[in-house]
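Reader: I am in my first year and would like a close look at a single part of this protein. Please pick one place, stay with it for a while, and then show me how the surroundings are built.

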Amino acid sequence: MECSCSNFRSSSSLLLSSSTPSSRLSQSHFPSKRSLSQKLKVRNRLVIRNSCRFDENGSVNEFPTTPNKLFMQEAIGAEYGEGFETFRQDGPLKVDVDFLNDRLQEGFLQRIRYAMKPDEAYGLIFSWDNVVVDTRAMKFNVWKQLASEEEKEIPKNGHAQRLMLYAGADHVLRKVLQWETAQSEVDRLKLRLSQLYHDYLLRLREPIEGLEEWLDAVARARIPCAVVSSLDRVNMIGALERMGLKKYFQAIVSEEDGMESIAHRFLSAALKLDRKPSKCVVFEDDPRGITAAHNCTMMAVALIGAHPAYELVQADLAVASFNELSVINLRRLFANNGSGFMDRQKQIIEKSPPKRKLTIDTIF
């Protein structure tokens, strides 16, 4: 957290100057040392709170710190092709996978352009966690700092540490770490988790290795890109600008979009990119995200790292780094399937002709 030192010093000087000189008061007017130290601690907290610009909503430097979906396990979504509901002037509109694949069909002029430049027909969707930035290390550092503040210990068990990164904060605090059971204390720790996460987010300067070079390559091929996350838009845009990646993304899906599942975020990104879901490629590191991509009729490219390769076998392509990718890889994902790839088709069951009954004639 970046606090304003000048505000802190000025507030501290005002705090010291407001005390009454000892020559004007008798010794009996001074409080005891214990009560004086307690009052100074309270005042110092208020000084720090004001100098760091906390507002009445608990925000730091206008960044929200209320508990959100950062430490929650989201639903996969679109198990049966269902989507989300949006509102228009003529009433609510149900947007699902089939609707987007049908409505976002290329027009005549677009088909001619895509025939000459087929790469522009695709849309790339990047998940924020462990694809754009290394949130796995960030979250683990947040848990360690919270444990230090609460004078607790982080288990050394690898399975427990894995749950800390991917399970919901409620489950981790109650079942994994077994720190607190009272709901008020759990809410307080979740709030502190969000604050610490945003503090680390402000220090973020480097994306995942090879990502910037890959985004530069797809930008030269004029392939539109989107990034999806449960972060709020202000934090997300600020982090992208600090990493120098904002210029590569034509669409951003954030917490303000109100999507309820991972698949809904992918569908919203496809809609913002003006690309059919069946022409989109999702970059994920989590098997749940890969499943959500396939539920949306999208292709999935998995990054090996947070999960081992054997847990990502359902992905259409798995790579260890963005340095292994080229634009040709995107063409090969769709090459063997034609223009109607992943469109729902009815299976034709051919009726086999009736078998002839063999009879044996016996001559007597």
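Author: E120 touches R113, Y114, A221, R222, P224 and R275, leaving aside residues up to four places away in sequence. This is a predicted model. E120 lies in the loop between α4 and β3. Its relative accessibility is 6%, so E120 counts as buried, the limit being under 20%. One of its neighbours, R113, is joined to E120 by a polar contact of 2.7 Å between the two side chains.

The loop that holds E120 also holds Y122, between α4 (108-116) and β3 (123-127). Y122 is buried as well, with a relative accessible area of 6%. A search of the whole structure finds 7 aromatic pairs. In one of them, Y122 and F334 are stacked, with 4.9 Å centre to centre and 10° between the planes. F334 belongs to helix α13 (residues 327-335), so the pair ties together parts that are 212 residues apart in sequence. F334 counts as buried at 5% relative accessibility. The ring of F334 has a further partner: the charged end of K279 sits over this ring, 5.5 Å from its centre.

Another aromatic pair is formed by W143 and W179. Their ring centres are 6.4 Å apart and their planes are at 70°, so this pair is edge-to-face. W143 is in helix α5 (residues 135-149) and W179 in the loop between α7 (169-176) and α8 (183-202), and the pair links these distant parts of the chain, 36 residues apart. Both W143 and W179 are buried. Ring pairs also link F126, W214, F249, F283 and F322 into a cluster. A charge over a ring occurs at Y200 too, where the charged end of R203 sits 4.6 Å from the ring centre.

From E120, the chain runs on through β3 to the loop between β3 and α5, where N130 lies. Phi of N130 is near 60°, a positive value in a residue other than glycine. Most residues other than glycine have a negative phi. N130 counts as buried, at 11% relative accessibility. A78 also has a positive phi near 60° and is not a glycine. A78 lies in the loop between α2 (33-51) and β1 (84-88), and is buried with a relative accessible area of 1%.

A second acidic side chain to set beside E120 is that of D316, in the loop between β7 (299-303) and β8 (317-319). Whereas E120 is buried at 6%, D316 counts as partly exposed at 35% relative accessibility. D316 touches H294, M298, M299, A300 and L333, again leaving aside residues up to four places away in sequence. Two of these neighbours are reached by polar contacts. The side chain of D316 meets the side chain of H294 at 2.9 Å, and the side chain of D316 also reaches the backbone nitrogen of A300 at 2.8 Å. The C-alpha atoms of D316 and I290 are separated by 9.1 Å, although the two residues are 26 residues apart along the chain.

I290 is one of the buried residues of helix α12 (residues 287-295), together with P287, G289, A292 and A293. The buried residues of α12 pack against α11 (262-273), β6 (280-284) and β7. At the start of α12, a side-chain oxygen of D286 comes within 3.1 Å of the backbone nitrogen of R288. After the helix comes T297, whose phi is positive, near 65°.

The last step is to place these details in the whole chain. The protein chain has 13 helices and 8 strands. Of its 364 residues, 44% are buried, and E120, Y122 and F334 are among residues that count as buried. Among contacts with a separation of 6 or more, 69% are between residues 24 or more positions apart. The pair of Y122 and F334 is an example of parts far apart in sequence being tied together. The accessible surface of the protein chain comes to about 21,500 Å², and 51% of this belongs to carbon and sulfur atoms.

Technical notes. Residues numbered from 1 in each chain as written. Predicted model: local features only at pLDDT ≥ 70, side-chain atom pairs only at ≥ 80, totals over all residues. Heavy atoms only, no water. Phe/Tyr/Trp six-rings, centres within 6.5 Å; stacked < 30°, edge-to-face > 60°. Helix = DSSP H or I, 4+ residues; strand = E, 2+ residues; numbered from the N terminus. Buried < 20%, exposed > 50% of the residue type's maximum accessible area, 1.4 Å probe, protein only. Lys NZ or Arg CZ within 6 Å of the ring centre and 35° of its normal. Contact = heavy atoms within 4.5 Å. Polar contact = N/O pair within 3.5 Å; in protein donor to acceptor, adjacent residues only side chain to side chain. Areas by Shrake-Rupley, 256 points an atom, 1.4 Å probe, with all protein chains shown as cover.
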